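Biologist: Hi! Could you walk me through this model?

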Amino acid sequence: MAAATAPIKVDASTDELVSHAAHFMSRSKKDIVDAAVREYIDAHRDEINDGIKAALGQLNGSDSAAVAMMTGFNVDELNELGGLPK
């Protein structure tokens with residue numbers, strides 16, 4: 001099965017950097033971006049995992065907890081706005 005591709009947008013100066021790197025390394029821009037993103041994620045894996053754990057810690061399985069996490073409102077603020085349907 002072929003991997004799906006999706007376009008990403010970067011500013012002009014980043015695109016220029018990627019283009020130069022690709023040219024001088026005889027690689028495609030796609031290969032450069034792929035390698036860079038993977039290296040970045042590997043270098044920040046602990047921070048990413050901490051963020052995931054913190055987000056999961058805020059969820060208790062209720063709709064209110066999920067909406068609170070997505071909106072930034074706490075459950076009390078949601079209730080002041082009318083709460084969620086039961």
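Modeller: Happy to; we can take the salt bridges, a helix and a surface patch in turn. This is a predicted model, where local features need pLDDT of at least 70, side-chain atom pairs count only at pLDDT 80 or more, and totals for chains, interfaces and linings use all residues. Residues are numbered from 1 along each chain as its sequence is written, and side-chain values use heavy atoms, with hydrogens and water left out.

Biologist: Great. How many salt bridges does the structure hold?

Modeller: Three, counting a side-chain nitrogen of Lys or Arg within 4 Å of a carboxyl oxygen of Asp or Glu. In one salt bridge, aspartate 15 meets lysine 29 at 2.7 Å, N to O.

Biologist: And what does that pair tie together?

Modeller: Aspartate 15 is in helix α1 and lysine 29 in helix α2, so the pair links parts that are 14 residues apart in sequence. Helices here are DSSP runs (H or I, at least four residues), numbered from the N terminus.

Biologist: What comes after α1?

Modeller: Serine 26 follows α1, and its phi is positive, near 55 degrees.

Biologist: Switching topic: which residues form the nonpolar patch on the surface?

Modeller: Val37, Tyr40, Ile41, Ile48, Ile52 and Leu56, with about 550 Å² of accessible area together (Shrake-Rupley method, 1.4 Å probe, only the protein chains shown counting as cover). Patch residues have over 30% relative accessible area and no salt bridge, with nonpolar side chains (Val, Leu, Ile, Met, Phe, Trp, Tyr) joined within 5 Å and like charges within 9 Å.

Biologist: Which helices supply them?

Modeller: α2 (29-43) and α3 (45-58) each give at least two residues of the patch. Leucine 56, for instance, sits in helix α3.
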